[in-house]
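Student: I've got a protein model open and I'd like to learn how to read the way its helices pack. Could you walk me through it?

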Amino acid sequence: MAAVLRGITERNPIWMIPLALPLALHASQGTELAVVFSIAVSVVILVSVAVTAGIERWVPQDYVLVTLVVVAATVVTVVELVLGVLGVPLSRLSTYLLRSVAVCGLLVHPGAIGRRREPFTPRMVRVMGLALGFVLGLALLTAGRQLLRAAGVSTYQSVAVGLFLLALGRIVINAIRVSRGRRRSS
């Protein structure tokens with residue numbers, strides 16, 4: 001459970017370790033897009049790492065990361081097909097960014113830092129924390145953009161506004177950390 005909480009808070013892939021910055025900036029432009037990306041990215045990451053963890057003992061060490069990317073690309077393709085069957089339309093840019101999940105830091109990071117033959121459960125718990133951190137971070141970023149939209153800010157979808165909100169979130173997190181540190185040392 002601590003690993004899940006660490007993935008949501010200390011290693012949040014949007015606020016703390018920007019492993020999914022392009023995905024977050026794009027998907028946070030609208031609520032529906034954020035929901036689609038939250039589900040799709042979580043499925044791709046969890047399934048890809050789970051499958052790769054199951055077969056990596058038969059793959060030479062130098063090819064484990066390649067295996068992860070190939071598995072992820074396959075899972076992304078299946079997710080695209082499922083979205084098509086469900087009638088969820090994606091723009092060309094959204095499709096490209098969804099495909100980029102197969103090589104983004106959010107997917108590669110857990111595989112790259114995982115120890116060879118790391119037990120399945122601890123690895124999946126760590127990856128689940130990153131996936132939940134992505135979902136929570138994306139929800140907060142999307143909510144911020146939607147609040148700006150409701151306030152009449154016409155540039156709420158711009159990259160600059162997205163980066164501003166990310167920076168603002170990081171400032172708040174840092175302020176909370178400093179405050180907690182002061183209380184603990186007192």
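**Reading helix packing**

Tutor: Helix 3 and helix 5 are roughly parallel to each other, because their angle falls under 35 degrees. Keep in mind as we go that this is a predicted model.

Student: What is the angle between helix 3 and helix 5, and how many Å apart are their axes?

Tutor: The angle is about 20°, and the axes lie 11 Å apart. Helix 5 covers residues 92-99. The crossing has a hand too, and for helix 3 and helix 5 it is right-handed.

Student: Which residues make that contact?

Tutor: Look for Leu33, Phe37 and Ala40 on helix 3, and for Ser94, Leu97 and Leu98 on helix 5. Sorted by class, that contact has five nonpolar residues, one polar and no charged.

Student: Okay, now helix 4. Why are helix 3 and helix 4 called oblique to each other?

Tutor: Angles from 115 to 145 degrees are one of the ranges that count as oblique. Helix 3 (residues 31-55) and helix 4 (residues 64-86) cross at roughly 140°, so they are oblique to each other. Their axes come within 8 Å, and helix 3 passes helix 4 in a right-handed crossing.

Student: What should I click on to see helix 3 meet helix 4?

Tutor: On helix 3, try Val36, Ala40, Val43 and Val47, which are among the residues in the contact. On helix 4, the partners include Leu68, Val71, Val75 and Leu83. The residues of this contact divide into 16 nonpolar, three polar and no charged.

Student: And helix 7? At what angle does helix 3 pack with helix 7?

Tutor: The angle is about 170°, with the axes 10 Å apart. That is over 145 degrees, so helix 3 is roughly antiparallel to helix 7. Residues of helix 3 in this contact include Phe37, Val41, Ile45 and Val49, while those of helix 7 include Phe120, Arg123, Met124 and Phe134. By class, the contact has 16 nonpolar, five polar and one charged.

Student: Let's move on to pockets. What is the volume of the largest pocket, and how many residues line it?

Tutor: Its volume is about 510 Å³, and 18 residues line the largest pocket. To find its centre, look for Thr9, Met16, Gly169, Ile173 and Ile176, the lining residues that lie nearest to that point.

Student: Which helix gives the most to the lining of the largest pocket?

Tutor: Helix 8, with eight residues. Helix 7 (120-150) and helix 8 (159-185) each supply at least two residues of that lining. By class, the lining has 10 nonpolar, four polar and four charged residues.

Note on methods. Residues numbered from 1 in each chain as written. Predicted model: local features only at pLDDT ≥ 70, side-chain atom pairs only at ≥ 80, totals over all residues. Heavy atoms only, no water. 1 Å grid on protein atoms, 1.4 Å probe; cavity = no way out; pocket = protein on both sides within 12 Å on 5 of 7 lines; lining within 4 Å. Points joined across faces, edges and corners; volume = space filled by probe spheres on them. Helix = DSSP H or I, 4+ residues; strand = E, 2+ residues; numbered from the N terminus. Nonpolar A, V, L, I, M, F, W, Y, C, P; charged D, E, K, R; others polar. Axes fitted to C-alpha atoms, helices over the stretch in contact; angles between N-to-C directions. Parallel < 35°, antiparallel > 145°, perpendicular 65-115°, else oblique. Left-handed = near helix turned anticlockwise from the far one by under 90°. Contact = heavy atoms within 4.5 Å.
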